[in-house]
Amino acid sequence: MFEKKDIDPIETNEWIQSAKSIINKEGYKRFNFIINKIIKHTYNINININENIKLNNYINTINYKYDLKYPGNILIEKKICSVIRWNAIIIVLKAYNKKIDLGGHIASFQSIAIFYEVCFNHFFKASNYNNNGDIIFFQGHTSPGIYARAFLEGRLNECHLNNFRQEVFENGLSSYPHPKLMPNFWQFPTVSMGLGAINAIYQAKFLKYIQNRSLKKKTQQKVYVFLGDGEMDEPESKGAITIATREKLNNLIFIINCNLQRLDGPINGNGKIINELEGIFNGAGWKVLKLIWGSNWDKLFKTDKSGKLIRLLNETNDGDYQNFMTKNGAYIRKNFFGRYKETYKLVEKLSDDEILKLNRGGHDFIKIFTVMKKAINSNKPTVILVHTIKGYGMGKNFESQNIIHQVKKMNFKELYYFQKKLKLNINENKIKNLNFIKFKKNTKEYKYIQKKRKLLNGFIPNRNIYINNKFNIPSILNFKNLFKKQKKKISTTTIFIKILKLLLKNKSITKYLVPIISDEARTFGMENLFRQIGIYNPNGQKYTPQDINNFSYYKEDKHGQILQEGINESGAISSWLAAATSYSVHNLQMIPFYIFYSMFGFQRIGDLLWAAGDQQAKGFLIGATSGRTTLNGEGLQHQDGHSHIYSLTIPNCISYDPTYAYELSIIIQNGIKRMYGKKKENIYYYITITNENYYMPKMYNNIKYNILKGIYKLDSLKGSKIKIQLLGSGAILRNIRKAAYILLSEYNISSDIFSVTSFTEIARNNQDCERWNFLNPNKKSKIPFICKILNNLPTITATDYIKLFSEQIFKFLPNTHYINLGTDGFGRSDSRSNLRYHFEINSFYIIIATLNILYKLNKINKFILYNAFLKFNINFKKKNPRIL
């Protein structure tokens with residue numbers, strides 16, 4: 001710890017005088033160089049100086065002396081920006097005036113509008129057939145401004161703008177960036193706070209990945225991410241920033257819009273959010289560029305010889321900065337600059353209006369251009385912390401007000417002030433009528449917009465897809481060995497690895513496969529792939545692995561194919577999402593397989609998987625060690641009995657729970673065909689597999705179609721005329737089969753046994769038929785697929801998932817008599833046998849369920865049922881596992 005009391009003031013003063021002397025004679029640049037040398041030396045002698053000294057002055061990183069000459073026509077750009085800002089507000093106001101509670105946000109875009117405009121005119125490169133442009137994550141709440149610019153560009157018309165947040169009928173604009181809803185416009189969904197940040201990091205990593213693997217030429221592509229300072233509270237916003245440093249992502253730039261406000265009030269009213277973020281990103285190894293003050297402050301910094309101005313800026317907290325923006329110049333003069341006589345004197349020749357014009361850095365064209373130039377030339381991931389004013393230019397009723405995020409309306413007087421501030425001189429009737437402004441094609445502004453975007457390859461945002469790599473879809477015959485009876489007991493996890501290896505041998509697609517894991521490769525039997533295709537690391541392998549003498553040693557390689565993301569499910573799924581959307585981001589089709597503990601999939605990262613649906617992802621999610629009783633030893637936190645409930649909520653997620661090798665092979669081959677074949681469906685797959693070993697039977701003929709539809713008849717056991725239908729999936733299908741044989745041998749009960757590969761696909765087909773029949777009462781009714789497969793017989797279902805999973809099909813069963821067995825309740829550690837007894841899904845409970853239905857239908861007498869309870873040791877008083 002440093003001294004709290006100065007034990008040698010004379011020596012301290014000598015240091016201070018030395019510092020002043022260096023600054024006066026050689027300038028701040030030399031002084032900063034010496035200070036940095038001293039700091040580095042303290043690290044060498046094991047002193048952490050940053051714990052004791054605050055070196056983050058509340059000023060711009062780039063001194064005003066180094067501002068660059070602006071390359072564009074600022075007057076024209078200001079005019080364009082003013083019109084965009086006007087139209088952005090009119091979009092929301094018109095929607096509000098329809099009185100249908102559409103909502104909308106008018107203040108966020110105003111705070112970052114000038115920054116966007118500089119980027120649109122000078123930095124953002126678009127993607128076209130020949131070139132991949134920059135990857136841009138727009139701040140979600142600023143969408144009206146992005147629409148307003150597209151309107152001036154001629155890409156959207158007034159009909160589009162008039163239908164903001166009205167998407168049910170034609171020409172509506174989505175509330176926020178949603179590729180699903182506007183597939184030719186938006187590239188990334190960003191308004192689920194925090195997801196944009198982590199997705200951008202892994203998009204930047206994936207860009208390096210495909211470049212290092214020679215799948216894409218190395219270019220100057222950048223990944224830009226616009227974030228709000230309030231959004232940085234989200235763990236996803238900051239949680240992966242060290243990954244960017246480790247991966248050397250010099251293609252990544254965060255722009256954090258620091259208007260100092262959350263949705264309800266200040267973010268850090270008693271401190272400084274910019275300083276807080278500066279410390280976090282500096283500690284993570286990023287280049288931090290602060291853009292706090294605009295050009296109108298330059299003269300004050302130049303004339304401040306006492307250092308009191310910087311001291312004042314350092315001492316003022318965010319709550320006060322926000323408050324000052326709601327006051328007039330006289331108040332700021334007295335209560336801000338008046339804190340020190342030196343700073344008060346600095347502004348004595350400025351009028352109150354001139355004090356109000358002391359602008360923030362985020363509203364200054366030259367400062368923005370200068371900091372952006374610095375950022376794109378950085379050799380490390382870079383964050384720009386840009387100070388702005390929420391509701392900038394909207395007047396004192398709006399600027400920096402705590403309620404501004406919820407404001408949806410402005411009266412004539414407020415709009416008149418706003419257009420006057422923008423120097424637009426709009427006719428009063430047009431203000432009252434909320435008219436949009438548009439440049440005619442022969443105006444210099446329109447020509448300027450077109451010229452600047454042409455120089456940068458075209459318009460953005462824009463989601464045009466030009467697939468540059470085409471490959472042959474693997475034939476189903478590639479998997480024919482898996483259609484045969486397997487000679488030894490094997491799990492579906494092992495079968496999946498066999499399938500993956502077969503795909504890796506396919507010359508047409510091998511280099512486009514992206515295996516992704518979150519530090520569990522050995523659990524899933526994937527370690528042989530380490531040596532075969534390598535683990536991607538941009539730094540290669542600069543060490544000798546401990547297991548170098550083993551065949552499956554841990555091989556890291558700059559050209560490696562496996563993405564090993566560590567114990568980091570959010571990062572792994574973000575890597576998967578980058579690969580799964582490569583077809584639209586990079587015009588490069590990739591086939592990602594992310595394999596993970598199924599419990600740590602949808603439950604843990606559901607928001608990211610919902611975003612994957614929005615972003616039209618394509619690929620495979622493999623939920624391994626699935627089933628509440630199948631992963632037997634790990635206990636409550638690991639045992640998944642409900643991931644399929646999550647997956648069914650995502651409309652373009654196709655889910656399967658296969659039991660046998662041939663089922664899994666057919667599902668994966670068909671998935672590749674659907675996603676990457678002629679139809680190129682925008683879907684992704686969730687497939688659960690298990691770690692339980694058992695014999696895999698051979699495939700019978702003519703069942704492929706039924707497997708994909710979700711259900712097929714596996715077997716029929718013939719006994720008496722008393723007959724039952726038994727349905728199962730995953731590992732529990734074997735319990736169904738065992739129960740069927742006991743029912744036949746001991747009770748002479750016949751049964752049809754069905755393998756249900758997807759209860760969800762069956763249910764969706766049921767719902768589609770029901771809807772069609774409802775809307776077409778005069779036409780022949782469509783028959784759900786399950787009604788074509790099942791007979792009018794009592795039905796028992798059993799799965800390793802909660803009962804709701806299989807219940808989704810019951811409404812459409814031909815027979816209304818059914819019992820459903822599932823694993824409702826918390827998991828626990830024990831043997832599979834004991835767990836299946838506990839959750840009441842073993843063969844004996846399936847038998848009891850069957851006899852129960854038959855007794856109620858008067859097919860058997862009660863003594864048979866009661867004796868079965870005794871025979872199979874079923875406890876009448878056993879506690880309900882759901883509530884244990």
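**Entry 1: the whole chain**

I began with contacts in the protein between residues at least 6 apart in sequence, and found that 78% of them join residues at least 24 apart. A reminder to myself: this is a predicted model. Next I looked up the burial, and 58% of the 884 residues count as buried. For secondary structure I noted 34 helices and 18 strands. I also took the box around the C-alpha atoms along the principal axes, and it comes to roughly 105 × 70 × 55 Å.

**Entry 2: the cores**

I turned to the nonpolar residues. In soluble globular proteins, nonpolar side chains tend to be buried together. Which members of the largest nonpolar core touch the most others? I found Leu252, Phe254, Phe337 and Trp576 in that role, in a core of 174 residues. Helix 6, residues 195-212, supplies the largest share of this core with 10 residues. Another core lies apart from it and has 81 residues, including Ala113, Phe164, Leu415 and Leu434.

I stayed a little longer with Trp576. Not counting residues up to four places away in sequence, Trp576 touches Ile516, Pro592, Tyr594, Ala612, Ala617, Gly619, Phe620, Leu621 and Tyr684.

**Entry 3: helix 6 against helix 24**

Since helix 6 had come up in the core, I checked how it sits against helix 24, residues 602-614. Their axes come within 11 Å and cross at roughly 70°. Helix 6 is therefore roughly perpendicular to helix 24. On the helix 6 side I listed Leu195, Ile198 and Asn199, and on the helix 24 side Asp607, Leu608 and Ala611. By type, the residues of this contact are 4 nonpolar, 1 polar and 1 charged.

**Entry 4: helix 4 against helix 19**

I did the same for helix 4 (residues 143-153) and helix 19 (residues 444-455). This pair packs at an angle of about 105°, and the axes are 9 Å apart. Are helix 4 and helix 19 roughly parallel or roughly perpendicular to each other? Angles of 65 to 115 degrees count as roughly perpendicular, so helix 4 and helix 19 are roughly perpendicular. I saw Arg149, Leu152 and Glu153 of helix 4 meeting Tyr446, Ile449, Gln450 and Arg453 of helix 19. The residues of this contact sort into 3 nonpolar, 1 polar and 3 charged.

**Entry 5: an open sheet**

I then followed a sheet of 5 strands, which is open, has mixed pairing and runs in the order 14-16-15-17-18. Strand 14 (711-717) and strand 18 (818-821) are the edge strands, each pairing on one side only. On average, neighbouring strands here are turned by 20° against each other, direction ignored.

I walked through some of the pairings. Strand 15 (residues 723-728) and strand 16 (residues 750-756) run parallel and are joined by 6 bridges. Within strand 16, Asp752 is the bridge partner of Gln725. Strand 15 also pairs with strand 17 in the parallel sense, over 4 bridges. There I found Ile796 of strand 17 as the bridge partner of Leu726. Strand 17 and strand 18 are parallel as well, again over 4 bridges, and Thr797 stands opposite Asn820 in strand 18.

Are the faces of strand 17 covered or open? I checked residues 795-798 and found both faces covered: Thr795 and Thr797 are buried on one side, and Ile796 and Ala798 are buried on the other.

**Entry 6: two single residues**

Where is Lys803? I found Lys803 in helix 31, residues 803-807. Lys803 has a relative accessible area of 32%, so I logged it as partly exposed. Leaving aside neighbours within four places in sequence, Lys803 is in contact with Asn820, Leu821, Gly822 and Asp824. Asn820 is the residue I had met opposite Thr797 in strand 18. I also took the distance from Lys803 to Ile687: they are 116 residues apart in sequence and 19 Å apart in space, C-alpha to C-alpha.

My last stop was Asn735, which sits in helix 28, residues 733-747. Why does Asn735 count as buried? The cut-off for buried is under 20% relative accessible area, and Asn735 has 10%, so it counts as buried. With neighbours within four places in sequence left aside, I noted contacts of Asn735 with Arg836, Ile841, Asn842, Ser843 and Ile846.

Key:
Residues are numbered from 1 along each chain as its sequence is written. This is a predicted model: local features need pLDDT of at least 70, side-chain atom pairs count only at pLDDT 80 or more; totals for chains, interfaces and linings use all residues. Side-chain values use heavy atoms; hydrogens and water are left out. A nonpolar core is a set of buried Ala, Val, Leu, Ile, Met, Phe, Trp, Tyr and Cys residues joined through side-chain atoms within 4.5 Å. Buried means under 20% relative accessible area, exposed over 50%, partly exposed in between (1.4 Å probe, protein chains only). Helices (H or I, at least four residues) and strands (E, at least two) are DSSP runs, numbered from the N terminus. Contact means heavy atoms within 4.5 Å. Two strands pair if DSSP finds at least two bridges between them. Axes are lines fitted to C-alpha atoms, for helices over the stretch in contact, and angles run from 0 to 180 degrees between N-to-C directions. Angles under 35 degrees count as roughly parallel, over 145 as roughly antiparallel, 65 to 115 as roughly perpendicular and the rest as oblique. Ala, Val, Leu, Ile, Met, Phe, Trp, Tyr, Cys and Pro count as nonpolar, Asp, Glu, Lys and Arg as charged, and the others, Gly among them, as polar.
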